[in-house]
Amino acid sequence: MALQESVREVSRSVPVARHEPVMVGEIVDFLRPAAQALVVDGTAGGGGHLAALMAAFPGARFLAVDLDPEAVRRVGETLDDERLEIIASGFDCIPELLASHGLGGAAAALFDLGLSSIQLDDAERGFAHSLDGPLDMRFDRGTGVPASELLEGMSETEIADLVYTFGQEGRSRSIAREIVRARPVETTGDLARAVCRAVRGRPVKPLSRVFQALRMAVNDEPGRLARLLSGLPGWTLPGARVAFLTFHSLEDRAVKRFFIDDPAFTPWDPPWMAPSREEIRRNPRSRSAKLRMGVRS
Ligand SMILES: C[S@@+](CC[C@H](N)C(=O)[O-])C[C@H]1O[C@@H](n2cnc3c(N)ncnc32)[C@H](O)[C@@H]1O
């Protein structure tokens, strides 16, 4: 308990961490690598977990990546430490990074999926339905296609399928119809108004689901997660501990199945944990988090 408190203090004191890291104490307790080991943070974000891990494991070396070059720059400036290599990259490219930087296999790894509060709260990034801004949603604004352009090129059926599959939203057809009617959908406000016209009544859940679905498509989140999982046995050492924070059932199911089905991993006991009531009270954005844990055979 004392360790958990002090780890929380460290992560709170990191000036870049406007993102409140979730289940920090539980993650530190679980990962606990051998001294000199390599620890990977596959989603550096605001640097909160990374700062806590670096404070808790002074003998370890660290590789941190994030798809968002702005996040990497901020964290790199704040956590300037010779034990840390931080690189703008997708986590599905970690095997190549380990090889090109002469780093061996990892003894511990963390993947905190989705987006950070820093990204969500910045209207210019286009992630939030409650803030008006350009409908972009790319984690890396230097590559790929913004959400507005993606929607321009999709048929009504493709939009409906996307909202249904990635957003798990039942009113996908009427939402897709309104989106097509509203094109060009250039801002988050344009998209939010189209969704509200389609669902009437209580739009918050459908809005969140549509925005989540589009973000997943823009950043190829399911594809990158699948590639990360299939490569994981290749770059983790026997006994390595791997933790995922998931925030919706699609990604949680993929990680759960991986730890059960892949012969190179065994689910931890317990296989998952949720944030405490106290944490959810302190940080309501943690409420949908699940910490999934597995161990490399
Ligand atoms: C929830 S935040 C991580 C927060 C971080 N753990 C902290 O304590 O501040 C998720 C981060 O993952 C990044 N991300 C999303 N998909 C990624 C991927 N495929 N590869 C690497 N980073 C990714 C996002 O850019 C975002 O910064």
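**Ligand site and strand pairing**

An oxygen atom of the ligand lies 2.9 Å from an N or O atom in the side chain of Gln 119. Of the 610 Å² of accessible area that the ligand has on its own, the protein covers 98%. The model is predicted.

Backbone atoms also approach the ligand. A polar backbone atom of Gly 48 is 3.3 Å from an oxygen atom of the ligand. At Thr 43, a polar backbone atom is 3.5 Å from a nitrogen atom of the ligand.

The site itself is the second largest pocket, in which the ligand sits. The ligand is surrounded by 24 residues. The closest are Gly 46, His 49, Asp 66, Phe 91 and Asp 112. By class, the shell comprises 13 polar, seven nonpolar and four charged residues. Asp 66 and Asp 112 count as charged, and Phe 91 counts as nonpolar. Gly 46 and His 49 are classed as polar.

Asp 112 also belongs to strand β4, which spans residues 106-112. Strand β4 runs parallel to strand β5 (residues 236-246). Six bridges join the two strands. Within this pairing, Ala 109 stands opposite Val 242 in β5.

Strand β5 also pairs with strand β7, which covers residues 290-296. Here the sense is antiparallel, again over six bridges. Ala 243 of β5 stands opposite Met 293 in β7. Strand β5 is thus paired with β4 in the parallel sense and with β7 in the antiparallel sense. In a regular strand, side chains alternate between the two faces of the sheet.

Conventions
Residues are numbered from 1 along each chain as its sequence is written. This is a predicted model: local features need pLDDT of at least 70, side-chain atom pairs count only at pLDDT 80 or more; totals for chains, interfaces and linings use all residues. Side-chain values use heavy atoms; hydrogens and water are left out. Two strands pair if DSSP finds at least two bridges between them. Helices (H or I, at least four residues) and strands (E, at least two) are DSSP runs, numbered from the N terminus. A residue is near a molecule or strand if one of its heavy atoms lies within 4 Å of it. A polar contact is a pair of N or O atoms within 3.5 Å; within protein, one must be able to donate a hydrogen and the other to accept it, and residues adjacent in sequence count only if both atoms are side-chain atoms. Accessible areas come from the Shrake-Rupley method with a 1.4 Å probe; for residues, only the protein chains shown count as cover. On a 1 Å grid over the protein atoms alone, a cavity is a set of points where a 1.4 Å probe fits but cannot get out, and a pocket is an open set with protein on both sides within 12 Å along at least five of seven lines; lining residues have an atom within 4 Å of a point. A molecule sits in a cavity or pocket if more than half of its atoms lie within 2 Å of its grid points.
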